[in-house]
Amino acid sequence: MAKVKKKEEKYKNVIGNILIYSEKDIQYFHGVLIGMRIQQGYIDYETLEGQRMKLPDRTCSMSAEIRSFAESENITLDDTTMKRIAKFNKEIDIEKLDKQIEEKKKKIDELDNILQDREGRIDKLKNFIKNIYEIDLYKSDEDYWDD
């Protein structure tokens, strides 16, 4: 049977902000953190060889005691956090632009190949038209396309 041991960490008198978000929703809370407990469980188990092992449990419990607790619509961030977010967003934008550039380069290469092919066909057509009066009308058409 598995036993669960608790690990506790405490935080005192920290002025803090809690930002909880998903792809669709966002909530922002702030206040003075009086205490916080994080409990990570561990499971004791025995291997097939008879060894005793501990594994961290997949779940974690967190509780906080906050004075002057308030929920806010406006998110206020310090300069460092704002710079980190801006840097992250900039890196994401750069990656997107790099992908777009690569796609555009591939498209340009395709169009260049089509243009090269078209120019070659036009040159061949010009030569054919230039020599149109030299064509023997009684020869097979296949003889002219062997060039």
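Is isoleucine 26 buried or exposed? It is exposed, at a relative accessible area of 53%, and the views below put that residue in its setting. This is a predicted model, in which local features need pLDDT of at least 70, side-chain atom pairs count only at pLDDT 80 or more, and totals for chains, interfaces and linings use all residues. Residues are numbered from 1 along each chain as its sequence is written, and side-chain values use heavy atoms, with hydrogens and water left out.

**View 1. The whole chain runs β-β-β-β-α.** Four strands and one helix make up its secondary structure; these are DSSP runs numbered from the N terminus, with helices being H or I of at least four residues and strands E of at least two. Of the 147 residues, 8% are buried (buried is under 20% relative accessible area, exposed over 50%, partly exposed in between, with a 1.4 Å probe and protein chains only). Among contacts with a separation of 6 or more, 53% join residues 24 or more positions apart, a contact being heavy atoms within 4.5 Å.

**View 2. A nonpolar patch of about 660 Å² sits on the surface.** Its members are Leu19, Tyr21, Ile26, Ile75, Leu77, Met82 and Ile85. Strand β2 (14-21) and helix α1 (79-130) are the elements that give two or more residues to it, while isoleucine 26 belongs to strand β3. Patch residues have over 30% relative accessible area and no salt bridge; like charges are joined within 9 Å, and nonpolar side chains (Val, Leu, Ile, Met, Phe, Trp, Tyr) within 5 Å. Areas come from the Shrake-Rupley method with a 1.4 Å probe, and for residues only the protein chains shown count as cover.

**View 3. Glycine 41 is tucked into strand β3 (residues 26-46).** Glycine 41 is buried, with just 5% relative accessible area. Its C-alpha atom lies 6.8 Å from that of cysteine 60, 19 residues away along the chain.

**View 4. Arginine 121 pairs with aspartate 117 in a salt bridge.** The closest N and O atoms are 3.0 Å apart; a salt bridge here is a side-chain nitrogen of Lys or Arg within 4 Å of a carboxyl oxygen of Asp or Glu. The two residues are four apart in helix α1, so about one helical turn separates them. Arginine 121 is exposed at 57%, whereas aspartate 117 is partly exposed at 40%.

**View 5. Glutamate 46 and arginine 52 form a salt bridge too.** Their N to O distance is 3.6 Å, and both residues are exposed. The whole structure holds two salt bridges.
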